[in-house]
Amino acid sequence: MIEFDEDTDDEWGWYDGQCYACDLPGRVDGLGLCEECRSKLERDLIRQRDWDYSAWAFGLSDEGREKLYHQVITQHSRKLELIAPTQGIRKQRPAHRRRRKDTGRTPGG
């Protein structure tokens, strides 16, 4: 029979590696994130109300999720920490556009 140490319960699911987000070596989870970056990801998921992917929101009622959302906003602001924002990003146009020079050709020729 296999015996388990008490310490293995605390370490379950964490591996030695390099964090994908901050590139620091240390303990990472199954997604390859350290504890700090994992917390940032959870807060970002809650900010976006992406409840299906948030471990912190698992099993909460709708009211509990909204309470968690407001708690995260109050403590950590609305700004995303790890996930790149998808809305509101526009490509900037160049300050000047190239103008086509008239080559002297006639249309169709």
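How are H2 and H3 oriented to each other, and why? Hi everyone, let's work that out together, keeping in mind that this is a predicted model.

Start with a bit of background. When two helices pack, we describe them by the angle between their axes and the distance between those axes. Here, helix H2 covers residues 35–47 and helix H3 covers residues 62–76. They pack at an angle of about 120°, and their axes are 9 Å apart. An angle of 65 to 115 degrees would count as roughly perpendicular, and one over 145 as roughly antiparallel. The angle for H2 and H3 is about 120°, and H2 and H3 are therefore oblique to each other. As for handedness, the crossing of H2 and H3 is left-handed.

Now, which residues make the contact between H2 and H3? From H2 we have Arg-43, Ile-46 and Arg-47. Across from them, H3 brings Leu-68, Tyr-69, Val-72, Ile-73 and His-76. Sorted by type, the residues of this contact are 5 nonpolar, 1 polar and 2 charged.

Let's move on to the charges. Side chains of opposite charge can pair when their charged atoms come close. In this model, the count comes to 8 salt bridges. I'll walk you through three pairs in H2.

First up is Glu-36 with Lys-40, where the closest N and O atoms are 3.7 Å apart. Both residues sit in helix H2, 4 residues apart, which is about one turn of the helix. Is Glu-36 buried or exposed? Glu-36 counts as exposed because its relative accessibility is 53%, and the cut-off for exposed is over 50%. Its partner Lys-40, with a relative accessible area of 22%, is partly exposed.

Next come Glu-42 and Arg-38, whose side chains meet in a salt bridge at 3.1 Å, N to O. Again, both lie in helix H2, 4 residues apart, about one turn of the helix. Glu-42 has a relative accessibility of 1%, so it counts as buried.

The last pair is Arg-47 and Asp-44, with a salt bridge at 2.8 Å, N to O. These two lie in helix H2 as well, 3 residues apart, about one turn of the helix. Both Arg-47 and Asp-44 are buried.

And Arg-47 and Asp-44 have company: together with Arg-43 and Glu-81, they are linked in a network of salt bridges. You have met Arg-43 and Arg-47 already, among the H2 residues that meet H3. Do find them in the structure above. Thanks for listening!

Note on methods
Residues are numbered from 1 along each chain as its sequence is written. This is a predicted model: local features need pLDDT of at least 70, side-chain atom pairs count only at pLDDT 80 or more; totals for chains, interfaces and linings use all residues. Side-chain values use heavy atoms; hydrogens and water are left out. Axes are lines fitted to C-alpha atoms, for helices over the stretch in contact, and angles run from 0 to 180 degrees between N-to-C directions. Angles under 35 degrees count as roughly parallel, over 145 as roughly antiparallel, 65 to 115 as roughly perpendicular and the rest as oblique. A crossing is left-handed if the near helix is turned anticlockwise from the far one by less than a right angle, and right-handed if clockwise. Contact means heavy atoms within 4.5 Å. Ala, Val, Leu, Ile, Met, Phe, Trp, Tyr, Cys and Pro count as nonpolar, Asp, Glu, Lys and Arg as charged, and the others, Gly among them, as polar. A salt bridge is a side-chain nitrogen of Lys or Arg within 4 Å of a carboxyl oxygen of Asp or Glu. Buried means under 20% relative accessible area, exposed over 50%, partly exposed in between (1.4 Å probe, protein chains only).
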